[in-house]
Amino acid sequence: MARLTAISGLGGKGPACFLIETRAARLLLDLGYGPQPGLLPNVDGVGKVDALLLSHGHRDHAGGFELLGKVGNPPIYATDIVRRLLPAGTNSRPLPLHGTTEVAGLQVTTGRSGHAPGGVWLHIAVDGGLLYMGDNSGESILYAADAPPPATAIIIDASYGAYETPLSECTKKFDPVFDAGPVLLPIPVAGRGPEIALYLIRSGRAAPHIDDALRASLTRLAAQDSPCLKPGITPELAQLAANAPAIEKPAGVMLAGIADATAGEAAKQVAAWEHQTTPAIVFSGYLPPGTPAERLTTSGRASYLRWNVHPRLAENARLVRAVGAQIVLPAFGDAARHRQAWETAFAPARVVVSGSVEF
Ligand SMILES: [Zn+2]
């Protein structure tokens, strides 16, 4: 018997944090922050856990470390690519990118999730299996994705609700924007940023202008982070890291972090260009309330075009069937809006949108 509790991240967009309890161990899956500024999971009732496992390094999954003391300062398990991003002195231990290991006496299997450098899904060998997808995508042209094993219960990445537009359709909307230039795209440098850069050169366009953080990310992806990529891509990434021009004035396609423009080069550039009519500014991910991403898209100064980095409903339905899940927790999506669509898509599996479930 195992009990799975959504501490945060179920019912709507919020920081990821799930608790799995068995007779043998208590594990926390992710401990995020945001994406709205200031939002942290409420871990007051969690108590001491044996380990924290991270799906990937994005802030909404791995940004809540100020709460570690409240859950007994557990060791943190993550892939080596993600461990390098953790604060110095963090008590961390390795997870494979694709393989099996043991955590607090439980067998944990991981595989690449197609979403970010070092990102994995996590399969815990409790009764029938629990599969936590973290954030995942099957459409990335950059990041590799491995097929997960069977599981009775699954926490899926339902960030996109009932959305069904494939990435190949999304890119058709970006093409005229890229060709018109100059355009600034605030992006996550360890997410779709490198992927958009790769798309630009593969579609015969000039290399984008990039900030230092994206150049560093491209350099790592071309070298030590390459095991998380689809095969054969590293020469193109190395070339981008070496030759893509810096951002000096509005010109061409400009890629800069971070995605919501609350920090990094994107924040500086948005502040400098917000009250001018050029360059165009396009946000392409989640628009957290209280951020420049929300403010500029609401005012009309920036536009929004989605670049898929999470699965579509049909992909999630295929996944639920492929692993044989009987219980589905659709995480990070708006349950009030999409519950009906999820229940239809995942039937006969039971859809759980709040609280705890035993299996
Ligand atoms: Zn993510």
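**Exercise 1.** How many helices and how many strands does the protein have?

*Solution.* Begin by noting that the structure above is a predicted model. Counting its elements then gives 10 helices and 19 strands for the protein.

**Exercise 2.** What radius of gyration does the protein have, and what would a compact globule with 359 residues have?

*Solution.* Take the reference value first: for 359 residues, a compact globule would have a radius of gyration near 21 Å. Next, set the protein's own value of 20 Å beside it, and the two agree. The outer dimensions can be added to this picture, since the C-alpha atoms fill a box of roughly 60 × 45 × 40 Å along the principal axes. Finally, turn to the interior, where buried residues make up 51% of the 359 residues; a residue is called buried here if 20 or more other C-beta atoms lie within 10 Å of its own.

**Exercise 3.** Work out the order of the strands in the open sheet of seven strands, and explain why β7 and β18 each have one side without a neighbour in the sheet.

*Solution.* Reading across the sheet, the order is β7-β8-β9-β10-β11-β17-β18, and the pairing is mixed. Strands β7 (99–103) and β18 (350–351) stand at the edges with a single partner strand each, so one side of each has no neighbour in the sheet. The partner of β7 is β8 (residues 106–112), which runs antiparallel to β7 and is joined to it by five bridges; within this pair, Gly99 is found opposite Thr110. Helix α9 (residues 313–323) packs on the sheet, where it touches β10, β11 and β17, and its direction makes about 160° with that of β11.

**Exercise 4.** Which strands stand at the edges of the open sheet of five strands?

*Solution.* The order in this sheet is β13-β14-β12-β15-β16, with parallel pairing. The edge strands are β13 (209–210) and β16 (302–304), and because each has a single partner strand, one side of each is left without a neighbour in the sheet. Two bridges connect β13 with β14 (residues 253–256) in the parallel sense, and Ile210 stands opposite Leu255 in β14. Helix α8 (residues 292–299) lies across β12, β15 and β16, and runs at about 100° to β16.

**Exercise 5.** Which residues stand opposite Thr5 in β19 and in β2?

*Solution.* Consider β1 (residues 3–8) and β19 (residues 356–358), which pair in the antiparallel sense over three bridges; here Thr5 faces Ser356. Strand β1 is also joined to β2 (residues 17–21), antiparallel and over five bridges, and in β2 the bridge partner of Thr5 is Leu19.

Note on methods
Residues are numbered from 1 along each chain as its sequence is written. This is a predicted model: local features need pLDDT of at least 70, side-chain atom pairs count only at pLDDT 80 or more; totals for chains, interfaces and linings use all residues. Two strands pair if DSSP finds at least two bridges between them. Helices (H or I, at least four residues) and strands (E, at least two) are DSSP runs, numbered from the N terminus. Two residues are in contact if their C-beta atoms, placed from the backbone, lie within 7 Å. Axes are lines fitted to C-alpha atoms, for helices over the stretch in contact, and angles run from 0 to 180 degrees between N-to-C directions. The radius of gyration is taken over C-alpha atoms; the globule rule is 2.2 Å times the number of residues to the power 0.38. A residue is buried if 20 or more other C-beta atoms lie within 10 Å of its own, exposed if 12 or fewer, and partly exposed in between; C-beta atoms are placed from the backbone.
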